[in-house]
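Trainee: Could you take me on a close look at the part of this structure around the ligand? I would like to follow it step by step.

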Amino acid sequence: MSSNEAISVLRSAGEARAWRATLPADAPVAFIPTMGFLHDGHLSLMAEGRRRVGPKGQVITSIFVNPTQFGPNEDFDRYPRDEAGDLAKAAAAGVDLAFCPSAPSELFPAHSRTWIEVEGLGDALCGRSRPGHFRGVCTVVAKLWGLLRPSIGLFGEKDYQQLAILRRMHADLNLCGEIIGMPIVREPDGLAMSSRNSNLDPSSREAARAIPRFLAEVRARYAAGERAAAGLLADAPARLAPGRIDYVSLVDAADLRPIDVIERPALCALAVYFGGVRLIDNALL
Ligand code: AMP
């Protein structure tokens with residue numbers, strides 16, 4: 001373990017396991033997995049983790065841009081990184097230590113052949129346009145969970161499909177502890193906070209305000225009694241212009257299957273490119 005000014009840092013899987021072994025099995029440990037370039041959305045999970053485990057509990061975050069959840073033509077190389085800044089922010093949010101693997105091979109040794117796939121829930125939405133993405137997410141979270149054995153893990157509803165899939169994995173694999181979902185934290189103009197927002201040029205950043213505007217309109221139409229996907233999502237390309245739509249969907253909030261008419265809790269979810277940056281967001285209805 002090395003000690004940055006602000007926070008202790010674990011660099012290897014062995015160090016992570018050894019750290020956990022110093023704590024009792026039932027120790028309160030809050031775990032917040034991230035890909036770094038931390039913003040207030042991440043920090044809200046960390047603060048809630050601290051609140052839940054109390055001053056004597058441990059709060060650990062991981063900072064790892066997981067190559068196995070990026071496709072070959074995706075933005076792995078362009079993903080923003082700032083480890084020193086992240087460690088300072090995490091410390092200020094009440095985090096005790098960070099697991100920042102020194103290399104991807106700490107979690108994915110060259111000989112790895114084991115992958116975790118949750119059937120069904122990954123077919124729609126992001127799973128359709130990012131084949132293999134959720135397999136990479138599930139595998140890394142399961143590995144981290146096994147090393148750190150948290151009593152709680154905190155995840156954001158911004159990645160609603162990811163949260164649903166991880167809840168399923170957590171239950172199916174009888175993992176320890178509990179998964180906690182947390183609300184989306186937004187910029188003052190409504191754009192969901194995301195590390196990828198830093199890759200938006202100023203005009204794309206301005207144009208991306210179309211996303212929260214679109215979701216607010218969907219909510220307003222729903223509040224006015226509209227229940228049909230066709231009505232709620234009508235003219236989406238014009239309403240999200242100049243964004244390039246990957247998907248805009250209305251799905252059942254529990255099983256994520258597409259629906260035509262809302263009869264149970266539903267999710268309006270979207271992924272839209274602005275200036276080449278893929279942004280996701282959602283609204284529960
Ligand atoms: P990431 O670093 O993008 O992998 O995100 C790490 C965790 O932070 C995930 O559980 C995300 O859902 C969560 N997260 C990311 N952005 C937000 C946000 N704007 N509000 C709340 N949680 C978020």
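Mentor: Happy to! Let's start with the neighbours: 17 residues surround the ligand, and those that come nearest are M35, H42, D159, V185 and M193. Keep in mind that this is a predicted model.

Now look at the polar contacts made through the backbone. M35, one of the nearest residues, has a backbone N or O atom 2.9 Å from an oxygen atom of the ligand. In G156, too, a backbone N or O atom sits 2.9 Å from a ligand oxygen atom. With V185 the partner is a nitrogen atom of the ligand, and the distance to a backbone N or O atom of V185 is 2.8 Å. As for cover, the ligand taken alone exposes 480 Å², and the protein buries 93% of that.

Which elements build this shell? Two or more residues each come from β3 (29-34), α2 (40-53) and β6 (152-156). The largest share belongs to α2, with 3 residues. Sorted by character, the shell holds 9 nonpolar, 6 polar and 2 charged residues.

One last stop, away from the ligand question: the cysteines. The count of disulfides is 0. Why does C126 have no bonded partner? The closest cysteine sulfur to that of C126 is in C268, and at 13 Å it is too far for a bond, because a disulfide needs the two sulfur atoms within 2.5 Å. Both residues are tucked away by the accessibility values: C126 counts as buried at 8% relative accessibility, and C268 counts as buried at 0%.

Note on methods: Residues numbered from 1 in each chain as written. Predicted model: local features only at pLDDT ≥ 70, side-chain atom pairs only at ≥ 80, totals over all residues. Heavy atoms only, no water. Near = heavy atom within 4 Å. Polar contact = N/O pair within 3.5 Å; in protein donor to acceptor, adjacent residues only side chain to side chain. Areas by Shrake-Rupley, 256 points an atom, 1.4 Å probe, with all protein chains shown as cover. Helix = DSSP H or I, 4+ residues; strand = E, 2+ residues; numbered from the N terminus. Nonpolar A, V, L, I, M, F, W, Y, C, P; charged D, E, K, R; others polar. Buried < 20%, exposed > 50% of the residue type's maximum accessible area, 1.4 Å probe, protein only.
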